[in-house]
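Colleague: Please take a close look at one part of this model, the largest pocket, and at what surrounds it. After that, set it against the rest of the chain.

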Amino acid sequence: MNFPSKLIEDAVSEISRLPGIGKKTALRLTLHLLKQKEPVTIALTDALINLRKNIQYCVICHNISDKPVCSICESHKRDRSVICVVEDLPDVLAIENTNQYSGLYHVLGGVISPIQGIGPDELKIETLFNRINSPSNEVEVKEIILALPATMEGDTTSFFITRKLKDKGLNISSIARGIPVGSELEYTDEITLGRSILTRIKYSAE
């Protein structure tokens, strides 16, 4: 692709690094921004810089946050006896958008995948166990919901967590498999995902 300006070429190159955006789409976005008034483009740039510099991750659940502790973990309206374990940040947003869940979350930051060299130690699994066992809990944790992908890696992770918690006397459940096997939570429609949360089933590692 030939460009009339090195500045446009550089902008297209950077924008096309974003997932799902090819060079043609990046060029359209670049030209669109170029047509806007300067404050519009500057506002976008400032927002991205501010995001990159100031975003934090909750020290409790590892969700994205503006503060050391996220608004979900801080909220006294949430059911603190239930923790929903998810693979990554988009899954929290997907479940929240269903308006069917009122408990807390724990973001693992991935799933166990021996092929990719990702073991339990590379994930936020140990901090989940620490949360459950913490003597400082205001409310005793009674249920763990495993809302992980319906894939081999997701099942492996669920199995590992369940085996580690089997003697804790917890109710360990998994979201109902209304979600197609091999699919990601973030791409599941809100109605299906909401029903899967409500109709969750007991999970067994036997």
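Modeller: Helices and strands are taken here as DSSP runs, with at least four residues for a helix and at least two for a strand, and they are numbered from the N terminus. Counted that way, the protein chain has eight helices and seven strands. The model is predicted, and that applies to everything below.

The largest pocket first. It holds about 560 Å³ of space. Its lining consists of 18 residues, and those closest to the centre are Ala11, Ile15, Thr30, Leu33 and Leu44. Three elements give two or more residues to this lining: helix H1 (6–15), helix H2 (23–35) and helix H3 (38–54). By class, the lining is made up of ten nonpolar, four polar and four charged residues.

As background to such volumes, rolling a probe the size of a water molecule over the atoms shows where empty space is left.

Of the three helices, H1 can be described in more detail. Its buried residues are Ile8, Val12 and Ile15. They lie on the same side of H1, because the arc they cover around the axis is only 70°. The spacing fits a general rule: an α-helix has 3.6 residues a turn, so residues three or four places apart point the same way. On the other side of H1, Lys6 and Leu7 are exposed. The cover over the buried residues of H1 includes H2. H2 thus appears twice, as part of that cover and as a contributor to the pocket lining. Ile15 also appears twice: it is one of the buried residues of H1 and one of the residues closest to the pocket centre.

For comparison, there is a second largest pocket, with about 240 Å³ of space. Its lining comprises Ile60, Cys73, Arg80, Ile83, Leu104, Arg131, Ser134, Ser136, Asn137, Glu138, Val139 and Val141. By class these divide into six nonpolar, three polar and three charged residues.

One residue of that second lining, Leu104, leads to Ile72, since Leu104 is among the residues that Ile72 touches. Ile72 sits in helix H4 (residues 71–74). It counts as buried because its relative accessible area of 11% is under the 20% cut-off. Beyond four places in sequence, the partners of Ile72 are Asn63, Arg78, Val92, Glu96, Gly103, Leu104 and Tyr105. Its C-alpha atom is separated by 9.3 Å from that of Ser102, 30 residues apart along the chain.

Val92 and Asn63 connect this spot to Val107, as they are also among the residues that Val107 touches. Val107 belongs to strand S4 (residues 103–107) and is buried, with a relative accessible area of 3%. Further partners of Val107 include Cys61, His62, Val86, Glu87, Asp88, Leu89 and Lys124. Between Val107 and Val92, 15 residues apart along the chain, the C-alpha separation is 8.0 Å.

His62, one of the partners of Val107, is in the loop between strand S1 (56–57) and strand S2 (64–65). Its phi is near 75°, a positive value in a residue other than glycine. His62 is buried, at a relative accessible area of 14%. Asn99 likewise has a positive phi, near 60°, and is not a glycine. It is located in the loop between helix H5 (89–96) and S4. Asn99 counts as exposed because its 67% relative accessibility is over the 50% cut-off.

A further point concerns strand S6 (residues 171–174), which contains Asn171. That residue is partly exposed, with a relative accessible area of 35%. The C-alpha atoms of Asn171 and Lys142 are separated by 6.1 Å, though the two are 29 residues apart along the chain.

Finally, the chain as a whole. Of its 206 residues, 39% count as buried. Among contacts between residues at least 6 apart in sequence, 55% join residues at least 24 apart. The accessible surface comes to about 12,700 Å², and carbon and sulfur atoms account for 54% of that area.

Note on methods:
Residues numbered from 1 in each chain as written. Predicted model: local features only at pLDDT ≥ 70, side-chain atom pairs only at ≥ 80, totals over all residues. Heavy atoms only, no water. 1 Å grid on protein atoms, 1.4 Å probe; cavity = no way out; pocket = protein on both sides within 12 Å on 5 of 7 lines; lining within 4 Å. Points joined across faces, edges and corners; volume = space filled by probe spheres on them. Nonpolar A, V, L, I, M, F, W, Y, C, P; charged D, E, K, R; others polar. Buried < 20%, exposed > 50% of the residue type's maximum accessible area, 1.4 Å probe, protein only. Contact = heavy atoms within 4.5 Å. Areas by Shrake-Rupley, 256 points an atom, 1.4 Å probe, with all protein chains shown as cover. Arc of directions from axis to C-beta.
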